[in-house]
2 protein chains.
Amino acid sequence: MWARCALPALRRCGKSWHDGPRVKLAVVGLGLIGGSFARALRAAGQVSSIRGYDADERQRRLAVDLGVVDAAPGSTAEAVADADLVVLAVPVLRTAEAMAAVLPALKAGAVVTDVGSTKQSVLADVQAVCGALPPWFVAGHPIAGTEKSGVAASNAELFRNKRLILSPHAAQDAGALALVRGLWESVGARVVEMDASRHDAIFAATSHLPHVLAYAFVDMLSRLGDAEEIFANAGGGFRDFTRIASSSPRMWHDIVRANRESVAGLLEQQIAELSELLGLIRDEQWPALQARFERARNAREQHLAHIE
Amino acid sequence: MWARCALPALRRCGKSWHDGPRVKLAVVGLGLIGGSFARALRAAGQVSSIRGYDADERQRRLAVDLGVVDAAPGSTAEAVADADLVVLAVPVLRTAEAMAAVLPALKAGAVVTDVGSTKQSVLADVQAVCGALPPWFVAGHPIAGTEKSGVAASNAELFRNKRLILSPHAAQDAGALALVRGLWESVGARVVEMDASRHDAIFAATSHLPHVLAYAFVDMLSRLGDAEEIFANAGGGFRDFTRIASSSPRMWHDIVRANRESVAGLLEQQIAELSELLGLIRDEQWPALQARFERARNAREQHLAHIE
């Protein structure tokens, strides 16, 4: 029972936030996404104040110096104490720890949301900390980002025209959901609702697996004897194909770990597909190889309009 | 013996072309690369006339209509008859066929070069057609391109600040080499000489294998039951990772086939690497997984300055 969290019953205030005064925002995790959401909400005139916390003192100081937050106290509790909306923007495996730090300090009626790339693990962790899924917790995931990390890379336009997935749960309060939806829409995101398990299956395919593949490819090259000369001769195709291999290893470790079943299943399929292609090359089955390339090219071209 | 080609002995005219009057250019294969080189050489004031041939009549007509070539007659022989420099810009497996069509029409002293992504196969095919490697043939490969195909996508700036590999062979005429080098430099390319076998090993790693991996990844996704929804939720990382899967299947079939030993060897290594990563995920070896991601990220960052 989330009542165990020692919070008063949720005031159904979501709707009123949305129409009413600007929110007091707290961001836990001052990285690329947390910093960008803070900047974007301020630019959209949605916030009256922003406080933030990050375990890394340099990120806290930087966030203040860059004007991303108004204050960055030395504990989560101080950062969130007065907030109307708390955004958890930590690596997904830090969700439970962050929620445990937020919970005792949360004021009545506050809404908590997250920006994690996996949704089942986040909901499970929040449930574990709170005893049950709280109505005031809204699971979210912006489909935006760059390979860069840290609050210094944050920008207010990161979410414009990008998808934002919300995964409402069974105990979800409609007002809390509406508040979070409205804030994301105010910064230009296109909000889509999707069941958490569906979310995790889809993003294993479009995002988690490609990161594993890109890391594996660059890692292999780096261990070849002539790595220096190989990288020196890389062109634009290589740069784009490997861009995501510059992403935060810690963050992607967390994501793969949190969504390991889906990622492992797809990785196994991908290995099988590559083994088939290797067989086609070894057996000189050239028309069949070209047919695979054509099927892939056609699929990408057909769906290109959807790709942001 | 290339003398069997029934050409008069090569006049050592390469040097004089370079310093002397502008060249009469012929481009065989009016696609992205052939068209872009023609446009770039014209913009650099290096050519007095450009004739072109393509097996596809639409590309010939388009090349004339776009002003890429002055004329596009209906046969290779007519296109190259008066040329000082002939550029073969066909899919690599069409090299022998193109060379066989060029050879009888080539005037004395003309230089022939190519732009193929594999160099050993091109040299072998030219040797097979001519009986021996002709001093007037210069093997080249611009490290430039996009996922787009066809003369309509060509542009004069494609090669600026991009690498251009020349693979001189044992019988190479120095004047012919200097002519081709000078023309590429005149359009902004950074010319590097590299042995053909070295070239093929390196570009198997930086270019040929990533294309196979990107095609395989998109092909796998396209066959999942929920492909439509998967593609609809793709973000920027996906777009960049899969960009090269929109490349010409025919062209990449040719390249993989022409460089099959190197590509197959690396693909086998990549499958082994992915199988190791799958093992780490299945066995929940999380620190080891993160260490792989870190090694890859660090390698990419370290070499990023080299990547064009």
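Which side chains meet in a salt bridge at 2.6 Å, N to O? The side chains of A:Glu229 and B:Arg198 do, as the first view shows.

The model is predicted; local features require pLDDT of at least 70 and side-chain atom pairs count only at pLDDT 80 or more, whereas totals for chains, interfaces and linings use all residues. Residues are numbered from 1 along each chain as its sequence is written, chains are lettered from A and ligands numbered from 1 in the order in which they are written, and side-chain values use heavy atoms, with hydrogens and water left out.

**View 1. A salt bridge between A:Glu229 and B:Arg198.** A salt bridge is a side-chain nitrogen of Lys or Arg within 4 Å of a carboxyl oxygen of Asp or Glu. The pair of A:Glu229 and B:Arg198 crosses between chains, from helix α9 (residues 227-232) of chain A to helix α8 (residues 196-222) of chain B. Helices (H or I, at least four residues) and strands (E, at least two) are DSSP runs, numbered from the N terminus. A:Glu229 is partly exposed at 28% relative accessibility, and B:Arg198 is partly exposed at 28%. Here buried means under 20% relative accessible area, exposed over 50%, and partly exposed in between (1.4 Å probe, protein chains only).

**View 2. The interface of chain B and chain A.** Contact (heavy atoms within 4.5 Å) involves 86 residues of chain B and 86 residues of chain A. The two chains bury about 8,500 Å² between them, with 64% of it on carbon and sulfur atoms; buried area is the accessible area (1.4 Å probe) that two parts lose on being put together, summed over both. Between chain B and chain A there are 16 salt bridges. One of the pairs in the model joins A:Glu273 to B:Arg223, with the closest N and O atoms 2.1 Å apart.

**View 3. The axis relating chain B to chain A.** A turn of 180 degrees and a shift of 0.0 Å along the axis lay chain B on chain A with an RMSD of 0.0 Å. The two copies are therefore related as by a two-fold rotation axis. In chain B, the C-alpha nearest the axis belongs to B:Phe241, 2.1 Å from it. The superposition is by least squares on the C-alpha atoms of residues with pLDDT of at least 70 in both copies.

**View 4. The aromatic pair of A:Phe37 and A:Phe159.** The ring centres lie 6.1 Å apart and the planes stand at 85 degrees, so the pair is edge-to-face. Rings of Phe, Tyr and Trp (its six-membered ring) pair if their centres lie within 6.5 Å; planes under 30 degrees apart count as stacked, over 60 as edge-to-face and the rest as tilted. A:Phe37 is in helix α2 (residues 32-43) of chain A, and A:Phe159 is in the loop between β6 (140-142) and β7 (163-166) of chain A, 122 residues apart. A:Phe37 is buried at 1% relative accessibility, and A:Phe159 is buried at 1%.

**View 5. A salt bridge within helix α7 (residues 174-186) of chain A.** The side chains of A:Arg181 and A:Glu185 meet at 3.1 Å, N to O. Because A:Arg181 and A:Glu185 are four residues apart in this helix, about one helical turn separates them. A:Arg181 is partly exposed at 26% relative accessibility, and A:Glu185 is partly exposed at 41%.
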